[in-house]
Amino acid sequence: MQAITTHKNADFDALASLVAAGKLYPEAQLVVPGTLNLNVREFVSLYKDTFQLATQKDIDFAAINMLVVTDTRQKDRIGPFTGVLDTLEEIHLYDHHPDTDEDIVTGHTVCEEVGATTTILLEKIYEANIPLSSFEATLFALGIYEDTGCLTFDTTTPRDVAALARLWEIGVNLRVVNQFLNRPLSDEQRVVLDALLSSTQYHELRGVRVAVAVAACPDYVGGLSLLTHKLMEIEDVDVIFTVVSMAERVYVVGRSRIEQVDLGKILAKLNGKGHRHAASATLKETTLEDVLETLVHALYKEISPVKTARDIMSEPVRSITPDTTVDKARERMLRYGHSGFPVVENGSLLGIISRRDLEKASHHGLGHAPVKGYMSKRPRTVPADTPVREIQQLMIEHNLGRLPVTDEGTIVGIVTRTDVLRNLEGTEKVRCATSCTFPAAGDDLTPLINSRLSKKMQSLLLLVAQKADKENVKVFAVGGFIRDLLLNIKNHDLDLVVEPAAIPFAEELNKMLGGRLTSHEKFGTASIVLPEGIHIDLVTSRQEFYARPAALPEVEQSSLKNDLFRRDFTINTLACSLNSPGFGKLIDLFNGIGDLEKGLIRVLYNLSFVEDPLRVLRAIRFEQRFGFRLEETTLSLMENAAQTRVLEKVSKERLHDELVLALQEEKAPEILIRYFTLNIAPMIFPGIRLSDALQERLFAAREMYYWASRNWPDTEVVPANLYLAALLLEAPFQEARHICRRLRLPQKQREPILAAVEAVPRLKEKLLANALKPSELYRLFSGQPVETLLLLQVDSKQSRIWESTALYWEKLRHIQPHISGHDLRELGFKPGPGFQEVLSYIRGARLNGEVKNREEELAMAKKMLAARERNNA
């Protein structure tokens, strides 16, 4: 006999996953646990004739040989089934909760980090194409909605949303969902809620606001989780606990809004269960006082400090003096990409000047005036230990864009609205895409390798490791591969450092992998391209010397440390051993982890930009890609590199290759604008000046690229062409052509860019002057690349231009005459230049709707032939 069950005190995710498992195991009996949450009990009572649910009293446990468990892995949560676990032939388990020491051991466990267990089972149902009824879709939606807080909890994943979207397509009854998710409180529950509200005590623990509400009643009242959730909505706190004495037991429920508190660990001190954001405990033979004492003690022990101003502020602070002119302040603001500056004199903060203040002053011709006349005086400041949530509230209440951070009266940093938003959205450092913390040097990266890399990449690493051990060489995964693994970013390229020599190992490795091998004896490097497109770059651990600035390096064999030191930035110096027995060990010799945590781009030595000036562009690319910021010394070195124009020493071919990479980035417009603000653009795009119009055009070009990708899927649009055309649009044509050649753009790329630059002003003028017929639009646009049409749309907000370009590209260019030159010969036309003239005229007539079919086209051609014969006579 097969049986399916779930945990006691079942919520809707438990019930829904139980029923969903029944769709995958149709021979199994669904068995509800001994108790159900109140709203679930009411739902089952109402719909019990719709599905066949047995109780534990109905089951012959001795007859069960296979058990499926959903929404829990803990032995003590499945009631009488715990006693038969050791006798079962097979156990299958589906869950989404963290593991514990009391988990059921099975040969088939599917446990994944999603918002609801129902999601996991639905994915398997969808994969098997098992049909669902509208009732089942509604029940499964209840399970997902309840366990994800209607998709608002931090544990919600895209998989939950996708599973729910499929249910909506089947048919979800929202009236039923709303009725059972938002049950009105019973009289008994309202009494308990009132008692909890009146007894709530507040604690401030390491910056975390905690509320503990206590109540006592002689009889058991269900729904304490619901009451706790309602209290959470009422109270402005980070964490809340309800502690209620009922029917000779003490019940504890906890809910948390923040990551710093792990409720599962805290309530484990009370033998409770749960996870980071929700947990509960039930205790016998104890008192409220004892429970409260244990709870508060656990809070002090387990709560981590919340983030403060010191954690998210920018430092050191760039400031200006009160006598700095408006023009000079605007110039500095543009250079550093800031939106405001503190105004400081003799160490004292006098005021704040914003970009808007400076722009207004400049607009009124006051660029020569000192900023002290326009700054906001006596600005608000916050101490360095101010919690971020208080900073957020201050910004909202007082409409502030930035707050200086002070320590004993000295300004030590500044927090901007952007810093607060990054913290609120969980992206303050583009930390890993999950809520994890970064590992430390010496930690084992194997868990990350297994959870974040594809099975194919995991297998490849193991094959490399086995081959390295067999060939008796040391191999390390390094650089961007490790950086992206820690940031949880997909990377299909593998960078390896080999000791003692890369090329011989690459040859042996390629024999096993069957890829395409390329070797470079001079540099001791090799690359393998696998059939599935994965690139493996192998280098001999080496040290580099630059005979002169911007020259290609001379290399010699060296240690791993020296090899990592030759790299561009600290975040790219991380390495991981692939040899046994230390497979997966993280190596961090230059504090790359620290800079990843702080979101910093930092060079390893002061001559880095002199020896390889392309690192200037690479730093900007990484800064924008990851949302990091340039470390202070690194920024200063970049500014010096811009002033000494070291980029001019780089070969145009290498400059072209780096620009290609930059223009492939999602944030290509930001990268190009950063070139200008850091005064690097004159060495790449001489003669081009940054303006508000140019910035707007670059951002619009990105939007237009994505628009075309969605709406013109049969058209290949190269984003780099569109960005460069937008950049060069206002330049004289000869200057634009010179820049394209200077950048070593191939002819295939150069032609559409220059065609767009030349044509857009002319076409824009014609399109806005008159309403054109379809045939006139065709003649106007015929032969133009798609970049021209998109740049026209970028450069104009006129609906006429949008309608004209879309009409041509989506319809007119595809229309051809029904007749051909063969038909003209049949009519008596002699082959010659007139053929094309006639066909072109007929195409125009068809575009304008003057002819609609082959017969009408032939009749028009005959008239043209007769007219020609009369003229010749």
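This report walks through a sheet, its helices, the nonpolar cores and a few unusual backbone spots.

The model is predicted, so local features need pLDDT of at least 70, side-chain atom pairs count only at pLDDT 80 or more, and totals for chains, interfaces and linings use all residues. Residues are numbered from 1 along each chain as its sequence is written, and side-chain values use heavy atoms, with hydrogens and water left out.

**The mixed sheet**

A good place to start is the open sheet of 7 strands, which follow the order β21-β22-β23-β20-β19-β26-β27 with mixed pairing. Its edges are β21 (516–520) and β27 (586–587); each has a single partner strand, so one side of each is left without a neighbour in the sheet. Helices (H or I, at least four residues) and strands (E, at least two) are DSSP runs, numbered from the N terminus, and two strands pair if DSSP finds at least two bridges between them.

Within this sheet, β20 (residues 493–499) and β23 (residues 535–540) run parallel and are joined by 6 bridges. Val 497 has Val 539 in β23 as its bridge partner. Helix α17 (residues 455–471) packs on the sheet, where it touches β19 (474–478), β20 and β23, and its direction makes about 10 degrees with that of β20. Helix α19 (residues 502–513) also packs on the sheet, touching β19, β20, β21, β22 (525–529) and β23; the direction of α19 makes about 155 degrees with that of β23. Such angles run from 0 to 180 degrees between N-to-C directions, with axes as lines fitted to C-alpha atoms, for helices over the stretch in contact. Contact means heavy atoms within 4.5 Å.

**Ile 534 and the cores**

Ile 534 is found in the loop between β22 and β23. With 8% relative accessibility, Ile 534 counts as buried; the cut-offs are under 20% relative accessible area for buried, over 50% for exposed, and partly exposed in between (1.4 Å probe, protein chains only). Leaving aside neighbours within four places in sequence, its contacts are Lys 456, Met 457, Leu 460, His 492, Ile 528 and Val 529.

The largest nonpolar core has 127 residues, and Ile 536, Leu 538, Leu 578, Tyr 675, Ile 680 and Phe 685 are those with the most contacts inside it. A nonpolar core is a set of buried Ala, Val, Leu, Ile, Met, Phe, Trp, Tyr and Cys residues joined through side-chain atoms within 4.5 Å. Another core lies apart from the largest one and has 47 residues, among them Ala 21, Val 40, Phe 140 and Val 176.

**Another set of strands**

Elsewhere, β10 (residues 249–256) pairs with β12 (residues 278–284) in the antiparallel sense over 7 bridges, and Tyr 251 stands opposite Thr 282 in β12. Strand β11 (residues 273–274) pairs with β12 in the antiparallel sense too, over 2 bridges. A hairpin connects β11 to β12 through 3 residues.

**Backbone spots worth a look**

Two cis peptide bonds are listed here.

| Peptide bond | Omega | Place of the proline |
|---|---|---|
| Glu 499 to Pro 500, cis | near 10 degrees | Pro 500: loop between β20 and α19 |
| Ser 580 to Pro 581, cis | near 5 degrees | Pro 581: loop between β26 (575–577) and β27 |

Glu 285 is not a glycine, although its phi is positive, about 50 degrees. This residue sits in the loop between β12 and α10 (288–302), and at 84% relative accessibility Glu 285 counts as exposed.
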